[in-house]
Amino acid sequence: MFWYVDGNERNRKFMRKRLKKYFDFDITFTPQSEMMKIKKRKKRLKHFQNNSNYNGGVMLCNDKDTARQINELIPETDQWENFFKSHGAEKNEFIHNVPGTEIQEQDLWVLFSHKSGVKFKPLHCKWNAGLAFQGRDLISGQTKVGPKKRHFIHFFGGTSPSVRHFLELLQTNQGKREIQAVAGLMNKGLI
Amino acid sequence: MSEHLKNIDYNIDEDLSNYILYNNFSTDDQDKWSDITMKRITDYANRIGADLKVFDENDAFKLHLPDTWFLYQRANLLKLDILKQYVESDYDNCLILDLDVLVTKKAPSIFDYY
């Protein structure tokens with residue numbers, strides 16, 4: 001099973017807090033920026049597998065045995081309420097101005113994968129990175145993976161809603177060149 | 001185009017930069033943008049010969065959760081239920097895409113890569 005990592009340290013910090021609060025589960029994530037300092041690919045992969053959290057967007061499952069291992073821990077469709085109640089999380093309140101309060105699917109993927117012993121594998125950034133991604137794949141170390149080289153581009157849910165509107169533009173104009181231009185603007189902090 | 005933008009070493013289309021600078025992107029109009037991403041996902045599935053199953057709010061409300069949970073919170077958990085369906089299905093491979101993923105027009109089959 002494959003995913004791409006969420007390197008946003010703020011998100012990871014909130015996830016750690018929620019996992020501790022609701023599931024009494026301790027996890028420490030070494031910052032993904034540390035991965036760049038690891039020279040050997042095998043070690044980078046190990047770092048990814050022990051320190052990654054799903055960034056959403058794309059998940060590839062091509063190994064049923066592994067999927068089954070996680071599936072053992074996922075509540076049945078009619079058992080979700082009981083599951084959250086048993087962890088005191090049935091309210092799951094969204095509190096305005098208090099970031100990081102809501103339980104996210106990413107929390108549960110981390111929880112279930114660690115508890116089941118499943119190690120997710122890394123998708124190449126071509127398959128999930130955001131529009132403004134800097135263009136270096138964390139595991140392979142491949143650089144210059146700019147927007148033109150992406151297969152999938154992830155617009156990251158509620159974290160950057162305005163970007164979604166660019167989709168209309170990208171669709172109606174000349175495609176990849178616009179993506180590059182928008183990415184350029186974003187990387188420069190202009191949008 | 002503003003002087004500020006002219007100094008950036010990117011090949012920026014003037015219409016594009018004006019569009020970006022002078023439009024008000026204050027709301028998240030999912031109906032508009034999701035038409036585009038959904039069409040790309042559908043085209044992709046057809047192109048690579050994959051079956052497409054769309055999960056929507058009806059599926060989200062099938063998850064038995066407290067009544068106070070709103071749609072986003074429910075939809076947020078759907079992928080875990082999708083994994084369950086994959087395990088119980090006859091499919092060998094499964095690619096789960098969020099609606100806010102844009103599949104580029106020439107994207108190859110991800111199943112050939114992994």
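**Exercise 1. Work out how strand 2 of chain A is joined to strand 1 of chain B, and whether its faces are buried or exposed.**

Start with the pairing: strand 2 of chain A and strand 1 (residues 94-97) of chain B run antiparallel and are joined by four bridges. Strands pair here if DSSP finds at least two bridges between them. Strands are DSSP runs of E with at least two residues, helices are runs of H or I with at least four, and both are numbered from the N terminus.

A word on the source: this is a predicted model, in which local features need pLDDT of at least 70 and side-chain atom pairs count only at pLDDT 80 or more, while totals for chains, interfaces and linings use all residues. Residues are numbered from 1 along each chain as its sequence is written, and chains are lettered from A and ligands numbered from 1 in the order in which they are written.

Next, pick one bridge: A:Cys61 has B:Cys94 as its partner in strand 1 of chain B.

Now the faces. In a regular strand, side chains alternate between the two faces of the sheet. In strand 2 (residues 58-61) of chain A, A:Val58 and A:Leu60 sit on one side, A:Met59 and A:Cys61 on the other, and all are buried. Buried means 20 or more other C-beta atoms within 10 Å of the residue's own, exposed means 12 or fewer, and partly exposed is in between, with C-beta atoms placed from the backbone.

**Exercise 2. Describe how helix 3 of chain A crosses helix 6 of chain B.**

Step one is the geometry: the axes of helix 3 (residues 64-71) of chain A and helix 6 (residues 78-88) of chain B come within 9 Å and cross at roughly 130 degrees. That makes the two helices oblique to each other. For the cut-offs, angles under 35 degrees are roughly parallel, over 145 roughly antiparallel, 65 to 115 roughly perpendicular, and the rest oblique. Axes are lines fitted to C-alpha atoms, for helices over the stretch in contact, and angles run from 0 to 180 degrees between N-to-C directions.

Step two is who meets whom. From helix 3 of chain A come A:Lys64, A:Ala67, A:Arg68, A:Ile70 and A:Asn71, and they meet B:Leu83, B:Lys84, B:Tyr86 and B:Val87 in helix 6 of chain B. Contact means C-beta atoms, placed from the backbone, within 7 Å.

**Exercise 3. Do the same for helix 1 and helix 5 of chain A.**

The axes of helix 1 and helix 5 (residues 105-116) of chain A come within 10 Å and cross at roughly 70 degrees. These two helices are therefore roughly perpendicular to each other. Helix 1 contributes A:Met15, A:Arg18, A:Leu19 and A:Phe23, while helix 5 brings A:Gln106, A:Asp107, A:Val110 and A:Leu111.

**Exercise 4. Compare two loop residues of chain A, A:Val5 and A:Asp24.**

Take A:Val5, in the loop between strand 1 (2-3) and helix 1 (9-23). A:Val5 is buried because 23 other C-beta atoms lie within 10 Å. Leaving out residues up to four places away in sequence, A:Val5 touches A:Gln32, A:Phe48, A:Ser52, A:Asn53, A:Asn55 and A:Leu138.

Then A:Asp24, in the loop between helix 1 and helix 2 (41-51). A:Asp24 counts as exposed because it has 8 C-beta neighbours inside 10 Å. Check its backbone too: A:Asp24 has a positive phi of about 50 degrees although it isn't a glycine. Most residues other than glycine have a negative phi.

Technical notes:
Two residues are in contact if their C-beta atoms, placed from the backbone, lie within 7 Å.
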